[in-house]
Amino acid sequence: MKSVGLSRRHWVTKFESGFCGTGRMMKIWKQRVIDNCPRCCAANETTTHILTCPAASAYKSWEKSLVSLEVWLVGKKICPDLRISLLHILDRWRYGLEVTNLTN
């Protein structure tokens, strides 16, 4: 992680711990009256919800991010089977689907 800037390391740490500007935390910090997701209005917005939000704008952002990740993986010459598996697992995780056997 040393190659990543300090501000990015702070962001990753806060996001992973859930101690960032989600609806849930903003309500705890008394910055919002409600903890709902601004995209889909679901209660108790958390970092996991941000990654799995069913709103159309969140779906578009997820798809765009997967395309960017794939381009980056191709540029880094990651093994095609590993690249495909990783993208498959991420996509299935986002939609709450079981990860299927990728060797068949």
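In this predicted model, Lys30 counts as exposed, at 71% relative accessibility. Lys30 belongs to the loop between H2 and H3. Its phi is positive, about 60 degrees, although Lys30 is not a glycine. A second lysine shows a positive phi as a residue other than glycine: Lys77, with a value near 60 degrees. Lys77 sits in the loop between H4 and H5. Its relative accessible area is 73%, so Lys77 is exposed.

The loop between H2 and H3 also holds Val33. Val33 is exposed, with a relative accessible area of 75%. Between the C-alpha atoms of Val33 and Gly23 the distance is 9.3 Å. These two residues are 10 residues apart along the chain.

Aromatic contacts were examined next. A pair of aromatic rings is described by the distance of the centres and the angle of the planes. The structure contains four aromatic pairs. One of them joins Phe19 and Trp29, with ring centres 5.4 Å apart. The planes of Phe19 and Trp29 stand at 85 degrees, so this pair is edge-to-face; the cut-off for that class is over 60 degrees. Phe19 lies in the loop between helix H1 (6-17) and helix H2 (23-28). Trp29 lies in the loop between H2 and helix H3 (47-52). The pair therefore ties together parts that are 10 residues apart in sequence. Trp29 counts as partly exposed, at 36% relative accessibility.

Trp62 and Trp93 form another pair, with ring centres 6.3 Å apart. Their planes meet at 40 degrees, so the pair is tilted. Trp62 is in helix H4 (residues 56-75) and Trp93 in helix H5 (residues 80-94). The two residues are 31 residues apart, and their pair links distant parts of the chain. The partners differ in burial class: Trp62 counts as buried at 13% relative accessibility, whereas Trp93 is partly exposed at 41%. Trp93 also has a C-alpha separation of 8.6 Å from Thr52. Along the chain, Trp93 and Thr52 are 41 residues apart.

A charge over a ring was found at Trp11. The charged end of Arg8 sits over the Trp11 ring, 5.4 Å from the ring centre.

Trp11 appears again in the largest pocket, among the residues closest to the pocket centre. The volume of the largest pocket is about 610 Å³. Its lining comprises 20 residues. Those closest to the centre are Trp11, Phe15, Leu51, Trp62 and Ser65. Trp62 thus takes part both in the lining and in the tilted pair with Trp93. H1, H3, H4 and H5 each contribute at least two lining residues. H4 gives the largest share, six residues. By class, the lining holds 12 nonpolar residues, four polar residues and four charged residues.

Phe15, one of the residues closest to the pocket centre, lies in helix H1. Phe15 is buried, with a relative accessible area of 16%. This value is under the 20% cut-off, so the residue falls in the buried class. Phe15 and Thr46 are 9.3 Å apart in space, C-alpha to C-alpha. In sequence, Phe15 and Thr46 are 31 residues apart.

The cysteines were checked for disulfides. A search of the whole structure finds zero. Cys40 is in no disulfide, and the nearest cysteine sulfur, that of Cys53, is 3.7 Å away. For Cys53, which is also in no disulfide, the nearest cysteine sulfur is that of Cys40. A disulfide needs sulfur atoms within 2.5 Å, so the 3.7 Å between Cys40 and Cys53 does not qualify. Burial separates the two residues. Cys40 is partly exposed, with a relative accessible area of 27%, whereas Cys53 is buried, with a relative accessible area of 1%.

Notes. Residues numbered from 1 in each chain as written. Predicted model: local features only at pLDDT ≥ 70, side-chain atom pairs only at ≥ 80, totals over all residues. Heavy atoms only, no water. Phe/Tyr/Trp six-rings, centres within 6.5 Å; stacked < 30°, edge-to-face > 60°. Helix = DSSP H or I, 4+ residues; strand = E, 2+ residues; numbered from the N terminus. Buried < 20%, exposed > 50% of the residue type's maximum accessible area, 1.4 Å probe, protein only. Lys NZ or Arg CZ within 6 Å of the ring centre and 35° of its normal. 1 Å grid on protein atoms, 1.4 Å probe; cavity = no way out; pocket = protein on both sides within 12 Å on 5 of 7 lines; lining within 4 Å. Points joined across faces, edges and corners; volume = space filled by probe spheres on them. Nonpolar A, V, L, I, M, F, W, Y, C, P; charged D, E, K, R; others polar.
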